[in-house]
Amino acid sequence: MGAADIVPGVSGGTIALVVGIYTRFVAAIRAGSSALFAGARLRFSTATEWLREVEWSLLLPILGGIVLAVLTLAQVIEDQLHDNPVQMAALFLGLVAGSVIVAWQMVRERDGMRLAVMAVTSVAVFILLGLREGTTEETVGQLAEPAGWAFFAAGAVAIWAMILPGVSGSFLLVMLGMYGPVLAAVNERDLATVGIFIGGTIIGLAVFSQVLHRALRDHHDSVMAILIGLMIGSLRVLWPWPLGVDSTALGRPDEHLGAAVLLAIVALVVVVLINEAARRTNPEAAADSPVEGR
C-alpha cells in the first residue's frame, strides 16, 4: 500500500482490495477514529471500548509497512518513473486493471443498477481527471500563498486516497489547485504548514472512515460498484503515452509498445493470481465480506 501511494494515479486502497483486507482495514480505522472522537468529548470509558475493537494485529503491520515502503522505495520508484515512464505507467495500469477484475468478483448482486453506477462513476472520474493537464508546479500552483485553512482542507480531502481505491492523493491535490503549495511547503521544510496539512489528514481520515464503514455495511455492492468505477476512471492518468509531460491528455502509442503491453498483461495476471491465492488461503478475508457490527 505504501508503494502504491507513492505512485501518481495508484491508490493504496487498491492494494487492500486485491489482498482481501479492504473492509477490515476501513473498520479498523473507523474504530480508531471513534475512540478519537470519544476521547475529544472526554468520554474515556467509551474511547477505551473503541480502542479494544481496533484490529491492531492488522492495522499496525499495515501502517508500519506503509512507512517502511515510503522510506525505502520512494527514491527507487521516482527514478524508474523518470527513466522508464512508459514501462512503469503500463505496469501500474495493469495492476489497476487487475484490481478491477478482483473487485468485480466481490460484488454479489451484479444487476443493471450496479452496472449503471459503475459506468457513471467511471465516466465522471475519467472526465474530471482530464480537467487538469499536469502536476507540475507551473500548472497546479495557481493558489499563491493559500491560507492555513486551505492546507487543512487539502489534507482532509487528499487522505481519502488512502482508503479509496483508484484515487491518487496527488491528483486530488491537483484538482484543488493545492499540489504546488503543498509540495513547496514540504521542500522548504515549512513545519507549521506541513503540520496543518497533517492535521487535516487526521481529521479527514477519521470522518471519512466513519462514512465509508457505514456505507460498506449497509450498501456493500453499490459501494463496491462505485469503487470499481473510480478505478476504471483513474486508468486515464496511467495511460503510458500522454500528449505531454505530466499531462492527462491521451496520445497514440508509439515507443516501447511491445514492452508496455507485456508488462501490463503480466501485472494484471499477477494481481489476479495473488487474489486467487488469498481466496484459497482465507476465503472469508479474500471475499472481503461486508462490514458487520455497530
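The dialogue below goes through a predicted model feature by feature.

Biologist: What helices and strands are there in the chain?

Modeller: Keep in mind that the model is predicted. The chain has 16 helices and zero strands. Its accessible surface comes to about 14,600 Å², and carbon and sulfur atoms hold 67% of that surface.

Biologist: How many of the residues in the chain are buried?

Modeller: The chain has 294 residues, and 46% of them are buried. Contacts tell another part of the story. Among contacts in the chain with a separation of 6 or more, 79% join residues 24 or more positions apart.

Biologist: Which residues touch the most other members of the largest nonpolar core?

Modeller: A nonpolar core is a set of buried residues of certain kinds, joined through side-chain atoms within 4.5 Å. The largest one here has 47 residues, and Tyr22, Leu212 and Met224 touch the most other members. Several helices give two or more residues to this core, including H2 (12-18), H3 (22-40), H5 (56-83) and H6 (85-105). H7 (112-129), H13 (191-218) and H14 (220-234) do so as well. Another core lies apart from it and has eight residues, among them Phe151, Ala158, Leu173 and Val182.

Biologist: What does methionine 224 touch, not counting residues up to four places away in sequence?

Modeller: Methionine 224 touches Leu17, Ala103, Met106, Val107 and Leu216.

Biologist: How do I read a single helix, and what span does H6 have?

Modeller: An α-helix has 3.6 residues a turn, so residues three or four places apart point the same way. In this structure, H6 has 21 residues and reaches 31 Å from its first C-alpha to its last. The expected value at 1.5 Å a residue is 30 Å, and the span of H6 is close to that. H6 is also mostly covered, with 15 of its 21 residues buried.

Biologist: How do I read a pair of aromatic rings, and how many pairs are there?

Modeller: A pair of aromatic rings is described by the distance of the centres and the angle of the planes. The count here comes to one aromatic pair. Tryptophan 239 and tryptophan 241 form it, with 5.2 Å centre to centre and 70° between the planes. The pair is called edge-to-face because the angle is over 60 degrees.

Biologist: Are these two tryptophans buried or exposed?

Modeller: Residues under 20% relative accessible area count as buried. Tryptophan 241 is at 7%, so it counts as buried. Tryptophan 239 has 28% and is partly exposed.

Biologist: Which residue lies over the face of phenylalanine 126?

Modeller: Arginine 236 does, at 4.5 Å from the ring centre.

Biologist: Which residues have a positive phi although they are not glycine?

Modeller: Leucine 42 is one of them, with a phi of about 65°. Leucine 42 lies in the loop between H3 and helix H4 (44-53), and it is exposed, with a relative accessible area of 62%. Histidine 256 is another case, with phi near 55°. Histidine 256 is found in the loop between H14 and helix H15 (257-281), and at 41% relative accessibility it counts as partly exposed.

Biologist: What can a loop residue such as valine 54 be in contact with?

Modeller: Valine 54 lies in the loop between H4 and H5. Its relative accessible area is 4%, so valine 54 is buried. Leaving aside neighbours within four places in sequence, valine 54 is in contact with Ala28, Ala31, Gly32 and Leu59. Sequence separation and distance in space are two separate readings. Valine 54 and phenylalanine 25 are 29 residues apart in sequence, and their C-alpha atoms are 9.6 Å apart.

Biologist: Where does glutamate 49 lie?

Modeller: Glutamate 49 is in helix H4 and is partly exposed, at 40% relative accessible area. Its C-alpha is separated by 9.3 Å from that of alanine 31, 18 residues apart along the chain.

Biologist: Are threonine 121 and threonine 193 buried or exposed?

Modeller: Threonine 121 has a relative accessible area of 15%, so it is buried. Threonine 121 lies in helix H7 and touches Ile226, Gly229 and Leu230, not counting residues up to four places away in sequence. Threonine 193, in helix H13, is buried too, with 14%. With the sequence neighbours up to four places away again not counted, threonine 193 touches Phe151 and Ala185.

Terms used
Residues numbered from 1 in each chain as written. Predicted model: local features only at pLDDT ≥ 70, side-chain atom pairs only at ≥ 80, totals over all residues. Heavy atoms only, no water. Buried < 20%, exposed > 50% of the residue type's maximum accessible area, 1.4 Å probe, protein only. Helix = DSSP H or I, 4+ residues; strand = E, 2+ residues; numbered from the N terminus. Contact = heavy atoms within 4.5 Å. Phe/Tyr/Trp six-rings, centres within 6.5 Å; stacked < 30°, edge-to-face > 60°. Lys NZ or Arg CZ within 6 Å of the ring centre and 35° of its normal. Areas by Shrake-Rupley, 256 points an atom, 1.4 Å probe, with all protein chains shown as cover. Expected span 1.5 Å × (residues − 1).
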